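Good morning, colleagues. Please take a moment with the sequence and the coordinates before I begin.

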Amino acid sequence: MKDYRQFYINGQWVNPLEKQDFAVFNPATEQEIATISLGSSQDVDLAVAAAKNAFATFGYTSVEERISLLESLLKQYMDNYDAMAHAISLEMGAPIDFSTKAQAYAGKGHIESALATLKAFEFSRTLGNAKIVKEPIGVCGFITPWNWPINQIACKVAPALATGCSMILKPSEIAPLSAKLFSQMIHDAGYPAGVYNMVNGDGMGVGSAISAHKDIDMVSFTGSTRAGIAIAKSAANTVKRVVQELGGKSPNIILDDANIDESVKKGVFHCMSNTGQSCNAPTRMLIPANKYEQAVIAAKATAAKVKVGNPAEQGNHIGPLVSAAHFEKVQAMIQAGIDEGATLLAGGVGKPEGFETGYFVKPTIFSNVTNDMSIAQEEIFGPVLVMIPYKDEDEGISIANDTPYGLAAFIQSESPERAEKVARKIRAGMICINGAAHSHSAPFGGFKQSGNGREWGEFGFEDFLEIKSISS
């Protein structure tokens with residue numbers, strides 16, 4: 001069992017000011033694998049003071065200096081790549097192959113994207129008699145989730161470092177192993193003391209202290225909409241910038257000219273990926289009414305091919321949910337779908353056969369769902385797909401937009417031109433047509449209650465910059 005009680009503050013691993021141990025569990029075995037400390041507002045004060053002091057110098061470094069440091073960080077990351085994949089698999093249950101190919105790969109992708117963006121980014125230009133300068137915003141506070149741990153850390157930290165900001169990170173207390181390893185990479189890459197700081201803790205303790213802190217200039221949060229609202233309210237008192245990537249209930253619109261069997265198969269596997277614990281998962285499958293029965297048959301057949309397995313074992317399978325509390329939440333939502341009258345096509349409540357230990361859940365599909373049901377409106381964050389029929393394209397678009405969220409949407413069609421026309425009518429920040437991948441250089445973020453601001457690539461730089469006009 002690992003002792004990870006220390007925080008990274010001002011270039012050193014330091015003990016917390018108050019002892020408050022917190023156990024970290026492997027969700028596949030339910031065994032304790034590490035102990036961390038939950039920090040306090042006093043620990044946050046120390047980290048913010050270090051960041052504020054470091055910004056006075058780091059905020060004025062040259063682009064060349066920051067490129068060199070990011071290149072050093074990328075080398076550290078690649079030298080520890082396998083260890084990162086193992087840490088993520090252990091802390092949140094991602095199967096080791098998926099953790100290696102997707103989870104750990106995301107961290108690499110964001111550092112590389114920040115480097116490429118930094119090398120080409122225009123920090124100043126002339127407009128009339130004014131020089132328009134983009135300068136780092138200052139001290140940043142990052143609050144990141146457990147579902148894609150290094151992805152969300154790297155997509156905030158890398159552009160912040162690239163633009164000259166200093167920062168404090170609060171990773172998820174449920175999945176802190178990857179953050180501990182990443183913090184050591186920052187140290188070994190040679191970043192000046194105080195530029196990057198990491199304090200473990202929960203939302204009520206460290207999270208609330210970060211969002212309200214008078215010396216933090218910007219907060220970037222990824223997590224639930226409920227928590228995002230609380231953070232925005234707390235941050236309002238100091239008029240700091242708030243960037244949020246929140247919940248989603250993304251539609252997957254299969255148009256009537258698409259290959260139904262193939263589209264449904266890909267949609268089911270995509271929804272179940274990462275055990276459904278992705279904010280942009282395509283959890284609402286919208287199918288033309290005249291092809292609905294064909295889609296239901298294809299979905300049921302595909303569900304039988306979604307394997308549940310031990311995350312430590314290689315192979316193409318899904319792992320457990322992240323925690324006991326989250327397992328109970330997903331179970332309650334599956335039961336709600338049954339109680340609401342939806343047809344349980346696959347899966348259901350309880351654990352899969354042979355997985356009595358661990359927070360494993362059955363891959364679940366509901367058919368005969370209407371969009372007003374709770375399973376169609378609420379983010380379940382598990383391997384649960386709902387199938388909704390629509391009578392024509394206009395109704396499909398209407399159902400797709402009938403949600404408080406607007407993070408992502410997916411469209412399947414044999415006609416790219418038709419798919420793009422539909423995409424323009426969807427109120428979501430990211431649209432993927434026919435399974436296209438989302439590049440690390442493309443903006444990530446959503447409309448409505450899915451948040452504000454954008455991350456990734458050059459669009460992610462903008463939230464870390466202030467604009468200054470110098471007229472002469």
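I shall go through the overall dimensions, the aromatic contacts, the salt bridges and a few local features.

Let me state at the outset that this is a predicted model. The chain holds 15 helices and 23 strands. What does the radius of gyration tell us about a chain of 472 residues? A compact globule with this number of residues would have a value near 23 Å, and the chain has 22 Å, so the two agree. The C-alpha trace spans about 65 × 60 × 40 Å along its principal axes. As for burial, 58% of the 472 residues count as buried.

I turn to the aromatic residues. Searching the whole structure gives 12 aromatic pairs. One of them joins Phe-182 and Tyr-196 in an edge-to-face arrangement, with 6.3 Å between the centres and 75 degrees between the planes. Phe-182 belongs to helix 6, residues 177-189, and Tyr-196 to strand 10, residues 196-198; the pair therefore ties together parts that are 14 residues apart in sequence. Are these two rings buried or exposed? Phe-182 is buried at 1% relative accessibility, and Tyr-196 is buried with a relative accessible area of 1%.

A second pair brings together Phe-444 and Trp-456. Their ring centres are 4.7 Å apart and their planes meet at 25 degrees, so this pair counts as stacked. It links distant parts of the chain, 12 residues apart: Phe-444 sits in the loop between strand 20 (430-433) and strand 21 (447-448), while Trp-456 sits in the loop between strand 22 (451-452) and helix 15 (457-462). Phe-444 is buried at 5% relative accessibility, and Trp-456 is buried at 9%.

Returning to Phe-182 and Tyr-196, I note that they form one aromatic cluster together with Tyr-8 and Trp-13. Trp-13 has a further partner in Lys-180, whose charged end sits over the Trp-13 ring, 4.4 Å from its centre. Elsewhere, Arg-66 lies over the face of Phe-123, at 5.6 Å from the ring centre.

The next topic is charge pairing. Side chains of opposite charge can pair when their charged atoms come close. How many salt bridges are there in this model? The count comes to 17. I shall present three of them and one network.

In the first, Arg-5 and Asp-21 meet at 3.0 Å, N to O. Arg-5 is in the loop between strand 1 (2-4) and strand 2 (7-9), and Asp-21 is in strand 4, 16 residues apart. Both ends are partly exposed, Arg-5 at 29% relative accessibility and Asp-21 at 35%.

The second joins Lys-134 to Glu-462 at 3.1 Å, N to O. Here the separation along the chain is 328 residues, with Lys-134 in strand 7 (residues 130-136) and Glu-462 in helix 15. Lys-134 is partly exposed at 22% relative accessibility, as is Glu-462 at 32%.

The third salt bridge also involves strand 7. Lys-468 meets Glu-135 at 3.1 Å, N to O. Lys-468 lies in strand 23 (residues 465-471) and Glu-135 in strand 7, 333 residues apart. Lys-468 is partly exposed with a relative accessible area of 39%, and Glu-135 is partly exposed at 25%.

As for the network, its salt bridges link Asp-256, Asp-257, Glu-393 and Arg-418.

I close with several local features. Which residues have a positive phi although they are not glycines? Glu-30 is one of them, with a phi of about 65 degrees; Asn-434 is another, with about 55 degrees. Glu-30 lies in the loop between strand 4 (21-26) and strand 5 (31-37) and is partly exposed, at 31%. Asn-434 lies in the loop between strand 20 and strand 21, and its relative accessible area of 39% makes it partly exposed.

On the surface, Ile-338, Leu-344 and Val-349 form a nonpolar patch with about 190 Å² of accessible area together. Val-349 is placed in the loop between strand 15 (343-346) and strand 16 (364-367), and counts as partly exposed at 34% relative accessibility.

By contrast, Val-268 in helix 9, residues 260-272, is buried at 0% relative accessibility. Its C-alpha atom is separated by 8.5 Å from that of Pro-282, 14 residues apart along the chain.

Thank you for your attention.

How values were computed:
Residues are numbered from 1 along each chain as its sequence is written. This is a predicted model: local features need pLDDT of at least 70, side-chain atom pairs count only at pLDDT 80 or more; totals for chains, interfaces and linings use all residues. Side-chain values use heavy atoms; hydrogens and water are left out. Rings of Phe, Tyr and Trp (its six-membered ring) pair if their centres lie within 6.5 Å; planes under 30 degrees apart count as stacked, over 60 as edge-to-face and the rest as tilted. Helices (H or I, at least four residues) and strands (E, at least two) are DSSP runs, numbered from the N terminus. Buried means under 20% relative accessible area, exposed over 50%, partly exposed in between (1.4 Å probe, protein chains only). A charge sits over a ring if NZ of Lys or CZ of Arg is within 6 Å of the ring centre and within 35 degrees of the ring normal. Patches are made of residues with over 30% relative accessible area and no salt bridge: like charges are joined within 9 Å, nonpolar side chains (Val, Leu, Ile, Met, Phe, Trp, Tyr) within 5 Å. Accessible areas come from the Shrake-Rupley method with a 1.4 Å probe; for residues, only the protein chains shown count as cover. A salt bridge is a side-chain nitrogen of Lys or Arg within 4 Å of a carboxyl oxygen of Asp or Glu. The radius of gyration is taken over C-alpha atoms; the globule rule is 2.2 Å times the number of residues to the power 0.38.
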